[in-house]
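Visitor: Please show me the structure, and let me ask how its labels are earned.

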Amino acid sequence: MKVSTLPAAVADGVFPAGCPSRTVLDHITSKWGVLILLSLSEGDQRWSELRRRAEGVSEKMLAQTLKTLERDGLLRRDAQPVIPPRVDYSLTERGRELTALLIPLVTWAFDNADAIIGGQS
């Protein structure tokens, strides 16, 4: 299998400590960030649906992750002015572009998890 290499411009820019891409990578590769993005790749969802899908996420971490991903322009929060309150979350165009890249990575992790965790090569 041919191993890809980073383009020179990216390699020169991503490794220095002050590169903004490090912050973006931290947001999108967090455990909860990835799971929320993948869940939203299946369609718009409400808070409770996201909480059920990402088993184990606390309310605090879900709220924090949703705010971060919204601030980064990866998801949209649509609050409906109804009683009881209704908030729907969906991916932005940038979020859809990102999840198209995350799906193969997560698929690879899923396919190889047992062998890696089990210590097999």
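What follows is a talk about terms and the values behind them.

Visitor: What kind of model is this, and which residues count for local features?

Guide: The model is predicted: local features need pLDDT of at least 70, side-chain atom pairs count only at pLDDT 80 or more, and totals for chains, interfaces and linings use all residues. Residues are numbered from 1 along each chain as its sequence is written, and side-chain values use heavy atoms, with hydrogens and water left out.

Visitor: How do you know which strands make up the sheet, and in what order?

Guide: Strands are DSSP runs of E with at least two residues, helices are runs of H or I with at least four, and both are numbered from the N terminus. Two strands pair if DSSP finds at least two bridges between them. β1 and β3 (residues 86-91) have 2 bridges, in the antiparallel sense, and β2 and β3 have 6, also antiparallel. The result is an open sheet of 3 strands in the order β1-β3-β2.

Visitor: Why do β1 and β2 stand at the edges?

Guide: β1 (45-46) and β2 (75-80) each have a single partner strand, so one side of each is left without a neighbour in the sheet.

Visitor: What packs on the sheet?

Guide: Helix α3 (residues 31-40) does, touching β1, β2 and β3; contact means heavy atoms within 4.5 Å. The direction of α3 makes about 90° with that of β3. Axes are lines fitted to C-alpha atoms, for helices over the stretch in contact, and angles run from 0 to 180 degrees between N-to-C directions.

Visitor: What makes Arg53 and Glu42 a salt bridge?

Guide: The term asks for a side-chain nitrogen of Lys or Arg within 4 Å of a carboxyl oxygen of Asp or Glu. The closest N and O atoms of Arg53 and Glu42 are 2.4 Å apart, so the pair is a salt bridge. The pair links distant parts of the chain, 11 residues apart: Arg53 is in helix α4 (residues 47-53), Glu42 in the loop between α3 and β1. The structure holds 4 salt bridges.

Visitor: Why is Glu42 called exposed?

Guide: Exposed means over 50% relative accessible area, buried under 20%, and partly exposed in between (1.4 Å probe, protein chains only). Glu42 has 57%, so Glu42 counts as exposed.

Visitor: Asp88 and Arg86 also form a salt bridge; why do they get the labels buried and partly exposed?

Guide: The N to O distance in that bridge is 3.1 Å. Asp88 is buried because its relative accessible area is 13%, while Arg86 counts as partly exposed because its value is 33%. In the sheet, Asp88 in β3 is the bridge partner of Arg46, and Gln80 stands opposite Arg86.

Visitor: How do you know about the pair Glu93 and Arg96?

Guide: Their side chains meet at 2.9 Å, N to O. Both lie in helix α6 (residues 93-117), 3 residues apart, about one turn of the helix. Glu93, at 54%, counts as exposed, and Arg96, at 42%, is partly exposed.

Visitor: What lies between β2 and β3?

Guide: β2 and β3 form a hairpin with 5 residues between them. Pro84 is in that loop, and a cis peptide bond joins Ile83 and Pro84, with omega about -5°. Most peptide bonds are trans.
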